[in-house]
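Work through the exercises below with the model open. Try each task before reading its solution.

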Amino acid sequence: MATSSCQYIPTDTQKLGVAAIHGENLTSIFTGKEDVTAVDNVSFDIEENKITAIIGESGSGKSTLLKLIYGLLEPNEGEVRYKGWLVPTRKDKLIPGHDAMKMVSQGFDDLNLYAKVWDNIASQLPNTNLDYKQSRTAEILKKLRIDHLAQHRVADLSGGERQRVAIARALINDPEVLLMDEPFNQVDAAFRDGLQQDIKQIVMETGLTVILVSHDPAEVLAMADALIVMRNGKIVDAGNPKDLYFRPKHHYTAILLAKSNILSPKQALILNIQQEDSVAIHQEWINVKENRNSTFKILDIKFRGFYSEYVLGNKEISLHAIVKTETPLPIGTGVDIDILNFISFPVQL
């Protein structure tokens with residue numbers, strides 16, 4: 001398996017001392033009636049043998065960055081390197097995509113819907129060693145827990161089952177890097193945890209590097225070893241999920257990961273928080289106690305299962321708070337608000 005770009009980019013020399021996947025000053029612009037900058041001068045490092053999730057709302061540039069890492073797109077500026085070597089792009093290779101990587105697309109474009117699951121996966125191996133082809137296909141089917149579906153047509157499977165087939169097909173040739181675009185989009189919530197656990201197990205067993213894109217941080221918060229947060233084509237935050245949850249560098253990260261309340265310094269002062277910077281208050285950091293004389297009222301209550309979400313407000317600000325009680329206070333009740341914790345950071349665009 002090629003880990004060098006020399007065969008595709010003869011002028012390239014290996015860059016030492018960088019991460020396994022290293023992006024530097026990367027920009028990607030889509031031209032049309034109006035040029036759109038999908039990725040805007042970003043730099044990043046991704047460790048091998050880890051699961052890294054690129055998160056952000058739709059249109060933030062996540063999928064474009066994934067394609068730049070794989071070599072499906074050629075950057076307008078900057079470079080991506082794998083193990084120190086430039087990732088070849090369409091101008092360098094007849095069939096784009098790095099030889100050491102495999103990508104699972106959002107729409108399962110590579111799957112033959114009317115072929116059986118077994119054939120979809122086994123077809124990726126040559127016929128030079130039929131015994132190995134048989135055993136390897138059986139092994140990967142079992143690892144992804146779809147051996148019972150081997151003789152089913154892909155067209156007859158659920159979205160979650162198709163996702164497992166697509167992953168198995170990508171993994172059968174032992175790539176070093178697996179890239180996935182919104183891998184849990186078509187997976188029922190009840191089966192999502194199982195698929196995530198299987199991917200984590202494969203990473204532990206094989207040393208696979210996984211990079212995935214998600215618009216829903218809740219999908220990947222417990223799964224990923226590292227997060228890259230994108231907004232409007234830029235990377236606004238990156239790091240360990242726990243660190244980013246409790247110590248985000250950008251208010252957008254707090255909103256994305258914790259649905260945090262973002263207040264200006266003037267609004268924060270109403271809650272007796274004196275800061276020169278904007279403030280983020282996670283919903284679980286708010287205690288609510290009934291006080292009929294308070295100016296704060298419960299404006300709405302949203303049932304979320306094991307907890308309720310209060311919408312609190314007065315004439316000046318409104319807040320969302322998590323309350324774990326089977327019998328929440330009724331709408332319209334006056335309440336006192338106690339802030340247990342907050343994060344402050346400079347006012348940001």
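For the class counts, Ala, Val, Leu, Ile, Met, Phe, Trp, Tyr, Cys and Pro are nonpolar; Asp, Glu, Lys and Arg are charged; the others, Gly among them, are polar. The model is predicted.

**Exercise 1. Describe the largest pocket: its volume, its lining and the classes of the lining residues.**

Solution.
- Step 1. Start with the volume: the largest pocket holds about 500 Å³ of space.
- Step 2. List the lining. It has 18 residues, and A218, L257, A258, K259 and Y307 lie nearest the pocket centre.
- Step 3. Map the lining to elements. Helix 6 (217-220) and helix 8 (251-258) each give two or more residues. Helix 8 gives the most, with four residues.
- Step 4. Sort by class. The lining has eleven nonpolar, one polar and six charged residues.

**Exercise 2. Do likewise for the second largest pocket: what is its volume, and which residues are closest to its centre?**

Solution.
- Step 1. The second largest pocket contains about 260 Å³ of space.
- Step 2. Twelve residues line this pocket; Y70, H98, D99, M101 and K102 are the closest to its centre.
- Step 3. By class, the lining has six nonpolar, three polar and three charged residues.

**Exercise 3. Find the largest nonpolar core and the helix that gives it the largest share.**

Solution.
- Step 1. The largest nonpolar core has 48 residues. Those with the most contacts inside it are V117, I121, I146, I167, L178, I199 and V210.
- Step 2. Helix 4 (residues 159-171) supplies the largest share of this core, six residues.
- Step 3. Take I167 as a centre. Leaving out residues up to four places away in sequence, I167 touches V104, L144, L178, M180, L195 and I199.
- Step 4. Look for another core. A second, separate one has 26 residues, including L65, L68, L179 and I228.

**Exercise 4. Classify the aromatic pairs: stacked, tilted or edge-to-face?**

Solution.
- Step 1. Search the whole structure: two aromatic pairs turn up.
- Step 2. Y245 and F246 sit 5.0 Å apart, centre to centre, with 75 degrees between the planes. The cut-off for edge-to-face is over 60 degrees, so this pair is edge-to-face.
- Step 3. Ring centres of F306 and Y307 are 5.0 Å apart and the planes lie at 75 degrees, so this pair is edge-to-face.
- Step 4. Check burial. Y245 counts as buried because its relative accessibility is 17%, under the 20% cut-off. F246, at 37%, counts as partly exposed. F306 counts as exposed because its 62% is over 50%.

Conventions. Residues are numbered from 1 along each chain as its sequence is written. This is a predicted model: local features need pLDDT of at least 70, side-chain atom pairs count only at pLDDT 80 or more; totals for chains, interfaces and linings use all residues. Side-chain values use heavy atoms; hydrogens and water are left out. Rings of Phe, Tyr and Trp (its six-membered ring) pair if their centres lie within 6.5 Å; planes under 30 degrees apart count as stacked, over 60 as edge-to-face and the rest as tilted. Buried means under 20% relative accessible area, exposed over 50%, partly exposed in between (1.4 Å probe, protein chains only). A nonpolar core is a set of buried Ala, Val, Leu, Ile, Met, Phe, Trp, Tyr and Cys residues joined through side-chain atoms within 4.5 Å. Contact means heavy atoms within 4.5 Å. On a 1 Å grid over the protein atoms alone, a cavity is a set of points where a 1.4 Å probe fits but cannot get out, and a pocket is an open set with protein on both sides within 12 Å along at least five of seven lines; lining residues have an atom within 4 Å of a point. Grid points are joined across faces, edges and corners, and a volume is the space filled by probe spheres set on the points.
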